[in-house]
Amino acid sequence: MTTLKSKLQEDLNAAIKGRDELRSSTLRLTLAAITKEEVAGKEKRELSDDEVLKVITKEAKKRREAADAFAQGGRAESAEREKAEGEVLAAYLPKQLSDEELNDIVGQAVAEAKAAGAEGPRAMGAVMKIVNPKVAGQAEGGRVAAVVKKLLAG
């Protein structure tokens with residue numbers, strides 16, 4: 001079975017052969033981040049696919065934030081580059097939930113939490129506990145929290 005990490009390495013080799021600079025530099029940086037994560041603990045270890053996904057998610061988020069920062073700073077070219085790198089990474093991530101899907105999941109979780117007696121500010125934590133495993137990797141934490149706050153505020 002091919003691991004996600006080995007798929008990234010194969011894709012990197014293909015990108016280098018194909019002289020795809022954007023793809024190869026993005027994948028190279030991502031693999032470096034994965035390696036850094038692997039040697040971060042007391043002993044070197046292989047990351048699981050889930051852990052590799054977390055690294056890719058973090059890298060993609062960095063690209064999005066950098067693209068926004070460049071765009072606000074009037075550096076359109078750099079923003080485009082970051083956006084393009086983010087798209088390369090997005091291909092390896094699970095499909096993101098639509099706003100509608102996320103609202104449905106959070107709506108159910110809010111009802112569940114209320115049924116369990118969670119109300120007011122405490123309900124936020126209770127709802128997040130229900131929602132997070134359901135949306136893992138398919139919606140960013142900040143986006144989820146915003147929807148939860150919105151629905152709790154009614």
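## The buried side of helix H1

In helix H1, the buried residues are Leu4, Lys5, Leu8, Asp11, Leu12 and Ala15. Looking down the axis of H1, you would find these buried residues within an arc of 120 degrees, so they line one face of the helix. As a general point, an α-helix has 3.6 residues a turn, so residues three or four places apart point the same way. Please keep in mind that this is a predicted model.

What do the buried residues of H1 pack against? Their partners are helix H2 (21-38) and helix H3 (49-72). The length of H1 can be checked too: at 1.5 Å a residue, its 14 residues (4-17) should span 20 Å, and the end C-alpha atoms are indeed 20 Å apart, which agrees.

## A look at Asp11

Asp11 is one of the residues of helix H1. Is Asp11 buried or exposed? Its relative accessibility is 16%, and the cut-off for buried is under 20%, so Asp11 counts as buried.

Setting aside neighbours within four places in sequence, Asp11 is in contact with Arg23, Leu27 and Tyr92. Two residues of H2 that meet H1 are Arg23 and Leu27.

## How H1 meets H2

The axes of these two helices come within 9 Å, crossing at roughly 150 degrees. An angle over 145 degrees counts as roughly antiparallel, and H1 and H2 are therefore roughly antiparallel to each other. Their crossing is left-handed.

Which residues make this meeting of H1 and H2? From H1 come Lys5, Leu8, Gln9, Asp11, Leu12, Ala15 and Ile16. On the H2 side are Arg23, Ser24, Leu27, Arg28, Leu31, Ile34 and Glu38.

## Arg19, between H1 and H2

After H1 comes Arg19, which sits in the loop between H1 and H2. Its phi is near 55 degrees, a positive value in a residue other than glycine. With a relative accessibility of 77%, Arg19 counts as exposed.

## How H2 meets H3

Now follow H2 to its other partner here. The axes of H2 and H3 come within 10 Å and cross at roughly 130 degrees. That angle makes H2 oblique to H3. The crossing of H2 past H3 is right-handed. On the H2 side, the contact is made by Thr26, Leu29, Thr30, Ala33, Ile34 and Glu37. Their counterparts in H3 are Val52, Val55, Ile56, Lys58, Glu59 and Arg63. Ile34 of H2 takes part in this contact and also in the meeting with H1.

## Lys44, between H2 and H3

The loop between H2 and H3 is where you will find Lys44. Lys44 has 56% relative accessibility and so counts as exposed. Leaving out neighbours within four places in sequence, Lys44 is in contact with Glu38 and Val39. Thr2 is 42 residues away from Lys44 along the chain, and 20 Å separates their C-alpha atoms.

## Met128 in helix H6

Further along the chain, Met128 belongs to helix H6 (residues 120-135). At 16% relative accessibility, Met128 counts as buried.

Which residues are in contact with Met128, leaving aside neighbours within four places in sequence? They are Pro133, Gly141, Val144, Ala145 and Val148. For one of these, Val144, there is a distance to add: Met128 and Val144 are 16 residues apart along the chain, and their C-alpha atoms are separated by 8.0 Å.

Technical notes:
Residues are numbered from 1 along each chain as its sequence is written. This is a predicted model: local features need pLDDT of at least 70, side-chain atom pairs count only at pLDDT 80 or more; totals for chains, interfaces and linings use all residues. Side-chain values use heavy atoms; hydrogens and water are left out. Helices (H or I, at least four residues) and strands (E, at least two) are DSSP runs, numbered from the N terminus. The expected span of a helix is 1.5 Å times one less than its number of residues. Buried means under 20% relative accessible area, exposed over 50%, partly exposed in between (1.4 Å probe, protein chains only). The arc is that of the directions from the helix axis to the C-beta atoms. Contact means heavy atoms within 4.5 Å. Axes are lines fitted to C-alpha atoms, for helices over the stretch in contact, and angles run from 0 to 180 degrees between N-to-C directions. Angles under 35 degrees count as roughly parallel, over 145 as roughly antiparallel, 65 to 115 as roughly perpendicular and the rest as oblique. A crossing is left-handed if the near helix is turned anticlockwise from the far one by less than a right angle, and right-handed if clockwise.
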